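Here is a note on the structure below, set out as numbered points. Please keep the sequence and the model open while reading.

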Amino acid sequence: MSLTQPEVETVPTVLDLLTLEELDRDLYRATTVLDEPFPLYGGQVAAQALLAAGRTVPPDRVPHSLHGYYLRGGDAGRPTIFRVDRDRDGRSFSARRVVAVQGGEVIFNMSASFQAPGPGLDRQVHPAPEVPAPEELDPSWMPRLLSMESRATPQPYTGVEWPTRFWSRCVADLPDDDLVHACVLTYLSDISSGLVAMHEGTTHSGASLDHAVWFHRRARLNEWVLMDLAPHTVAAGRGWYTGTVHDRDGALVASLTQEALFRSGQ
């Protein structure tokens, strides 16, 4: 009689999601899939698209902005293919376009720009929100995020389903690679929504339409960052919000904005 140990199910990490197979020049495939009853998480496909673009630029250039459009709902249970177009490599900047495809259809596209950082003025107009340190707060759960832990701070809006101001950090062992950290920040940037404060009855935000991130300063996502989302307007069936990401020292490391469907009875 032989005894075999039961198989231990391994949970993928964010680094698994950021492992891309190179199929050909400027053509990549994300092969880690998730058994989820939801469409593909937007932060995941955006982070993977940024990584694919970053693989094609000179090694001294890091992301400074991305602008993406969600065109179709993706399937979390199937691989995604990313095609990169090299629009331009200048003396300091590189511009790339990325198309994400599943089943022969485009689900997401992105324009991304990379820069070789240089010296210059470093100034910040507004301070970070005053909140308790993450060690003073209880853990909070953020759905769909792998390898991330969060701490919700006192909230600026009452009665919302999800926190719009919270600390978060990656618990995976991230390499000392600016591109990887920018991708993890992108992965985080699509979570929650600044529009939850504007929900009324059955009228609420729905699918994301477009998303943009600007990377102002070097960030390390294995350290705590403070995310703060704020609504601005709802009109024509769409809602728009902005967000900031500060580090523990209060430096503004990134800004973001997103527009989403905003309708009744979704």
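1. Two strands are said to pair if DSSP finds at least two bridges between them. With that in hand, strand 11 and strand 12 can be described as a hairpin with 2 residues between them. In the turn, Ala236 has a positive phi of about 55 degrees. Note that this is a predicted model.

2. The pairing of strand 11 with strand 12 (residues 238–247) is antiparallel and runs over 10 bridges. Ala235 stands opposite Arg238 of strand 12. Strand 11 (residues 225–235) also pairs with strand 9 (residues 165–170), again in the antiparallel sense, over 4 bridges. In that second pairing, Trp167 stands opposite Leu226 of strand 11.

3. Another hairpin is made by strand 1 and strand 2, with 2 residues between the strands. Here Asp26 takes the positive phi, near 65 degrees. Strand 1 (residues 20–24) and strand 2 are antiparallel and share 4 bridges. Glu22 stands opposite Tyr28 of strand 2.

4. Strand 2 (residues 27–30) deserves a second look. Which residues make up its covered face, and which the uncovered one? Tyr28 and Ala30 are on the covered face, while Leu27 and Arg29 are on the uncovered face. Strand 2 also pairs with strand 4 (residues 80–89), in the antiparallel sense and over 4 bridges. In this pairing Arg29 stands opposite Ile81 of strand 4.

5. The structure holds 1 cavity of 30 Å³ or more. The volume of the largest cavity is about 40 Å³. Its lining consists of Ala30, Thr32, Val33, Leu40, Gln44, Gln48, Ala76, Arg78 and Thr80. By class, this lining has 4 nonpolar residues, 4 polar ones and 1 charged one. Ala30 thus appears twice in this note: on the covered face of strand 2, and in the lining of the largest cavity.

6. Gln102 belongs to strand 5 (residues 93–102). Is Gln102 buried or exposed? Gln102 counts as buried because its relative accessible area is 8%, and buried means under 20%. The side chain of Gln102 reaches the backbone oxygen of Arg78 at 3.2 Å. Leaving aside neighbours within four places in sequence, Gln102 is in contact with Leu40, Gly74, Asp75, Arg78, Pro79, Thr80 and Ile107. Among the residues that line the largest cavity are Leu40, Arg78 and Thr80, so a reader can go from point 5 to Gln102 through its contacts with these residues.

7. The largest pocket contains about 1,000 Å³ of space. Of the 32 residues that line this pocket, the closest to its centre are Tyr41, Arg144, Gly206, Ala207 and Ser208. Helix 2 (42–54), strand 6 (105–115), strand 10 (203–215) and strand 13 (252–264) are the elements that give two or more residues to the lining. Strand 10 gives the most, with 5 residues. The lining of the largest pocket divides into 16 nonpolar, 11 polar and 5 charged residues.

8. The space in the second largest pocket comes to about 590 Å³. It is lined by 22 residues, of which Pro117, Phe215, His216, Arg217 and Arg218 are the closest to the centre. Strand 3 (62–70) and helix 3 (178–189) are the elements that give two or more residues to this lining. Helix 3 supplies the largest share, 4 residues. In the lining of the second largest pocket, 10 residues are nonpolar, 6 are polar and 6 are charged.

9. The last residue to check is Gln258, which is found in strand 13. Why does Gln258 count as buried? Its relative accessibility is 4%, and the cut-off for buried is under 20%. Which side chain does Gln258 join through a polar contact of 2.8 Å? The partner is the side chain of His211.

10. Not counting residues up to four places away in sequence, Gln258 touches Asp190, Ser208, Asp210, His211, Gly239, Trp240 and Tyr241. Of these, Ser208 was met in point 7 as one of the residues closest to the centre of the largest pocket. Gln258 and Pro39 are 219 residues apart in sequence, and their C-alpha atoms are 18 Å apart in space.

Conventions:
Residues are numbered from 1 along each chain as its sequence is written. This is a predicted model: local features need pLDDT of at least 70, side-chain atom pairs count only at pLDDT 80 or more; totals for chains, interfaces and linings use all residues. Side-chain values use heavy atoms; hydrogens and water are left out. On a 1 Å grid over the protein atoms alone, a cavity is a set of points where a 1.4 Å probe fits but cannot get out, and a pocket is an open set with protein on both sides within 12 Å along at least five of seven lines; lining residues have an atom within 4 Å of a point. Grid points are joined across faces, edges and corners, and a volume is the space filled by probe spheres set on the points. Ala, Val, Leu, Ile, Met, Phe, Trp, Tyr, Cys and Pro count as nonpolar, Asp, Glu, Lys and Arg as charged, and the others, Gly among them, as polar. Buried means under 20% relative accessible area, exposed over 50%, partly exposed in between (1.4 Å probe, protein chains only). Contact means heavy atoms within 4.5 Å. A polar contact is a pair of N or O atoms within 3.5 Å; within protein, one must be able to donate a hydrogen and the other to accept it, and residues adjacent in sequence count only if both atoms are side-chain atoms.
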